[in-house]
Each structure stands twice: as C-alpha cells, then as structure tokens.
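Trainee: Could you walk me through how to read a pocket and the ligand that goes with it? I'm new to this one.

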Amino acid sequence: AKQSGKNQYKFFDRQVQEKIMLKRKISTTLRYALNTHAFTLMYMPIYHIESLEVAGAEVLLRCIDPSMEGIGPDQFISVAEEFGMIKEIDLWVIEEVFRILQSSGLCESNPDFRISVNISAEEMNDIHFPDVLAKLAQQYAVSPACIELEITETRLVDIDASNIDVLQRIRALGFRLALDDFGTGYTAFNQLYHYPVDQLKIDRSFINELHEGCKHAVMVDAILSIANSYQYETVAEGVETQDQLTLLREKGCDLAQGYFLSKPLKWVHFVELPGVKIYE
Ligand code: C2E
Ligand code: CA
Ligand code: CA
Ligand code: CA
C-alpha cells in the first residue's frame, strides 16, 4: 500500500509538471501570437427570442497559431491572465472591434445592434480603462452605445468601490455592461443593485439541461424574475435545442444565443445573415 501511495504521488507530481509545461508553452505562443498578429475574431449571433431577428453578436477570440490547434479561449485566457498578457490581448480585441465597426458601418446601418466584447477582471482594476475606451470611440468614430462589455459574474467576488467606479465611468460614456455567466457566482440577488449593469447573461449550464420543472428551470425563473424587477435585459446562452428556445420564450427571456441558433461565424458570414446591413 505504501508503495502504491508513492507511485500515486509520482503520478500526480507528473500531472502537475505537465500542466505547468503546457501553460508555459501556451504563454510563449500567446506572446508570439501578439507579435505576429496570429489572433482572429469570431462573431456569435445573438437573437431576439420573440422575433428571431438578429440583435447583434458576441465577439469570441481565436488564436490561429498552428501550435494552438484545439486550444480555445477557455484554456488560454486564464494563462494570459496568469502571465500578465490579458490586458494587451483584450486591448487588441477591443481595437479590432472598433476598427471593423468603423469600416463596415454596422452600427450606423443597424442602429439597435450591439456587439458584445468579453473583458477580463483586470480591466476593472485599471482606473485608466474608461479613458482608453473613450479615446478609441472617438478615434474610430463609433458610438459606445453599439458596444457592450461582458464581465464574468464569478470575478465580482472581491469587487471594491474603485471597481464599481470604473464600471460606472464606462457606462457613463454610453457603453453597455453585461454580467456574464450569471448564476454561477455568488452574487446575492439583493446585492445586484450595486453593479451598474444593463444585461444578465444566464450561464450555459442552466440552459443546457433545461426542461420544465427541473431544478435549472427554477433557477432560470428566479433569474428572469429578478431581472424583470431590476429591468435588466436577459440573454440565454448555450441554447442547443428547439425545446429550450421555446421554454425560454415562454418564460419571457429577451435574447438568446447558442448552437441551435448559430455557431460562431467569421465576420464575412455574420454580415450575410438576413437583416444584417453594412456599407456596400
Ligand atoms: P463565454 O463568454 O461564456 O462565451 C461563450 C462560450 O460558449 C464560447 O466559447 C461559445 O462558443 C460557447 N457556446 C456558445 N453557445 C454554445 C452552445 O450552444 N453550446 C456549447 N457547447 N457552447 C456554446 P469560446 O469561444 O470557447 O469562449 C470561451 C470563453 O473564453 C468565453 O466564455 C469567455 O469567457 C472567454 N473569451 C472568449 N473571447 C474572449 C476575449 O476576447 N477576451 C476575454 N477576456 N475572454 C474571452
Ligand atoms: Ca461572454
Ligand atoms: Ca458566458
Ligand atoms: Ca464562460
């Protein structure tokens, strides 16, 4: 028993070692990708649940360096955070979004559209971040109202007054804010009014196995009812079946995204969707 315990220890030790090596490799590749512009953006359409008209899209980052094949942002964003590269990466994403919005005229042609961009918790700690956003909006002549920034609910655990101030300043500029992965964190519903946000995105895990009467349905009902009383817009993410979509529509959720509606698309395909207009 003693012997096998020792082997098990060695086994875990090797697993830890391998994890560290993989993280180092990813961080090296990310650094290289930043220098060689080996990133690209995908656009996941978001739909009005009632009319199924396109309401906008969520921007999702991809690293196109060949050695990153099969490694998505779920894995590399945390590495970027750990190795101090996330701000640079997020800034690249944001500027790229401004650039494409300016050159396509998407916001002018579809005044109610919103393009959602994920930001890391690091940005909330940066008191200069609102100024950076203001400058970019001016430089690219894009209305902030067209852009929504998504912050992950779990990251709000140790949010302080200065973070709230940053969020408030961003919102005062006219950008919209969304709480991403809502329901997975520890935000007490009665604390929600502290956060200056416009939208709640109901986490994929609640939508995934959603059917009437199940425990996820109870959670979704609770989220929709609190959103209703605070007048937050609601988005269901990860809708994979017609049944989920129908149920969410009955429950009064505003918007939906997910593989049932569309996978993330390249920009050229996103702008070809019915109802999406750009400059010709
Ligand atoms: P997220 O913000 O929750 O984004 C949604 C993720 O769920 C995306 O994965 C999307 O492809 C996936 N998804 C959406 N609908 C469905 C569905 O119906 N079924 C399934 N199985 N999956 C669905 P992706 O692109 O791998 O992104 C993972 C996470 O990486 C994102 O989660 C977000 O937290 C982060 N991320 C992505 N792009 C950026 C970025 O530019 N900056 C930052 N800071 N984080 C990013
Ligand atoms: Ca998101
Ligand atoms: Ca999410
Ligand atoms: Ca997520």
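Mentor: Start with the residue classes: the lining of the largest pocket has 14 nonpolar, 10 polar and 13 charged residues. Keep in mind that this is a predicted model.

Trainee: How is empty space found, and how much space lies in the largest pocket?

Mentor: The general idea is that rolling a probe the size of a water molecule over the atoms shows where empty space is left. Here, the largest pocket holds about 1100 Å³ of space. It is lined by 37 residues, and E58, L60, P73, D74 and N118 are the closest to its centre. Several elements give two or more residues to that lining, among them β4 (147-152) and α8 (204-208).

Trainee: Where does ligand 1 sit?

Mentor: In that largest pocket. The shell around ligand 1 gets two or more residues from each of β2 (54-63), α2 (73-82), α3 (86-104) and β5 (176-182). β2 gives the most, with four residues.

Trainee: Which residues are the closest to ligand 1?

Mentor: Of the 23 residues that surround ligand 1, the closest are R62, D90, D180, E240 and Y259. By class, the shell has 10 nonpolar, four polar and nine charged residues.

Trainee: What lies 2.9 Å from an oxygen atom of ligand 1?

Mentor: A polar side-chain atom of R62 does, and so does one of D180. Y259 has a backbone N or O atom 2.9 Å from an oxygen atom of ligand 1. As for cover, the protein hides 88% of the 800 Å² of accessible area that ligand 1 has on its own.

Terms used:
Residues numbered from 1 in each chain as written. Chains lettered and ligands numbered in written order. Predicted model: local features only at pLDDT ≥ 70, side-chain atom pairs only at ≥ 80, totals over all residues. Heavy atoms only, no water. Near = heavy atom within 4 Å. Polar contact = N/O pair within 3.5 Å; in protein donor to acceptor, adjacent residues only side chain to side chain. Areas by Shrake-Rupley, 256 points an atom, 1.4 Å probe, with all protein chains shown as cover. 1 Å grid on protein atoms, 1.4 Å probe; cavity = no way out; pocket = protein on both sides within 12 Å on 5 of 7 lines; lining within 4 Å. Sits in = over half its atoms within 2 Å of the grid points. Nonpolar A, V, L, I, M, F, W, Y, C, P; charged D, E, K, R; others polar. Points joined across faces, edges and corners; volume = space filled by probe spheres on them.
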